[in-house]
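Reader: Please give me a close look at one part of this structure, the sheet and the helices that pack around it. I am new to it, so explain each term as you go.

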Amino acid sequence: MLLRVFPHPQLTAFLLLIWLLLVNNVTVGNVILGLIIGVAIPGITQPFWPNQPRIARPFKAVSYILLVIWDICVANVTVARIILFKSNANTHSHWIVVPLDLRSPEAITILAGTITMTPGTVTAMLAADASHLLVHCLDTDDPDAVRDEIKHRYERRLKEIFE
């Protein structure tokens with residue numbers, strides 16, 4: 001019965017939190033409206049979620065989020081240095097093919113989003129069979145090292161979280 005009202009309880013809680021952050025005022029009315037939004041959106045979109053993603057280790061998800069925030073901060077400084085102090089002739093951008101071990105569409109989406117949110121890299125394409133990502137790297141002398149870092153630093157952690 002509870003899953004019928006709250007088909008995606010984490011999404012409901014997340015939407016409530018986002019709503020309260022957007023209105024920047026925690027009142028009974030805003031909490032009720034946030035709960036209505038948090039119940040309505042997952043309820044309406046339920047037919048489009050044939051399989052609910054299973055997060056096997058939620059605490060690892062928290063550490064993953066903190067790692068990504070740290071990497072974004074470090075990459076911002078690195079990209080600023082490249083833009084400000086490195087000439088175009090000395091900048092070596094590369095297209096990198098990253099083979100995927102992930103099979104969960106949600107995990108692949110998070111990986112692609114993580115790569116894109118980290119300055120200096122962007123996910124350009126997912127193979128039709130979801131076996132590879134095409135990533136553009138702003139500056140690297142070793143594309144294989146970038147690929148290995150993506151697989152070790154992000155994909156390995158996402159496998160632990162989702163599988």
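Author: Helix 4 and helix 5 are roughly parallel to each other (under 35 degrees; over 145 is roughly antiparallel, 65 to 115 roughly perpendicular, the rest oblique). Their packing angle is about 25°, and their axes are 10 Å apart (axes are lines fitted to C-alpha atoms, for helices over the stretch in contact; angles between N-to-C directions run from 0 to 180 degrees). Helix 4 contributes Tyr64, Val68 and Ile72 to the contact, and helix 5 contributes Ile110, Thr114 and Met117 (contact means heavy atoms within 4.5 Å). Five of these residues are nonpolar, one is polar and none is charged (nonpolar: Ala, Val, Leu, Ile, Met, Phe, Trp, Tyr, Cys and Pro; charged: Asp, Glu, Lys and Arg; polar: the others, Gly among them).

The model is predicted: local features need pLDDT of at least 70 and side-chain atom pairs pLDDT 80 or more, while totals for chains, interfaces and linings use all residues. Residues are numbered from 1 along each chain as its sequence is written, and side-chain values use heavy atoms, without hydrogens and water.

Next comes the sheet. Three strands make up an open sheet in the order 1-3-2, with antiparallel pairing (strands pair if DSSP finds at least two bridges between them). Strand 1 and strand 2 (121–126) are the edges, each pairing on one side only (strands are DSSP runs of E, at least two residues; helices are runs of H or I, at least four; both are numbered from the N terminus). On average, neighbouring strands are turned by 30° against each other, direction ignored. Helix 5 packs on this sheet and touches strand 2 and strand 3, its direction making about 145° with that of strand 2. Helix 6 lies across strand 1 and strand 3, at about 40° to strand 1.

Strand 3 pairs with strand 1 over six antiparallel bridges and with strand 2 over five. Cys137 of strand 3 is the bridge partner of His94 and also of Thr121. Leu126 stands opposite Leu133. Five residues lie between the strands in the hairpin of strand 2 and strand 3, where Ala130 has a positive phi near 60°.

The side chains of strand 3 alternate: Leu133, Val135 and Cys137 face one way and are buried, whereas His132, Leu134 and His136 face the other way and are not (buried is under 20% relative accessible area, exposed over 50%, partly exposed in between, with a 1.4 Å probe and protein chains only).

Leu133 also belongs to the largest nonpolar core, which has 23 residues; Leu111, Leu133, Ile150 and Leu158 touch the most other members (such a core is a set of buried Ala, Val, Leu, Ile, Met, Phe, Trp, Tyr and Cys residues joined through side-chain atoms within 4.5 Å). At least two core residues come from each of helix 4 (58–85), strand 1 (94–99), helix 5 (105–117), strand 3 (132–137) and helix 6 (143–162). Helix 6 gives the largest share, six residues. Beyond its neighbours within four places in sequence, Leu133 has contacts that include Ile96, Val98, Leu111, Ile115, Met125 and Leu126.
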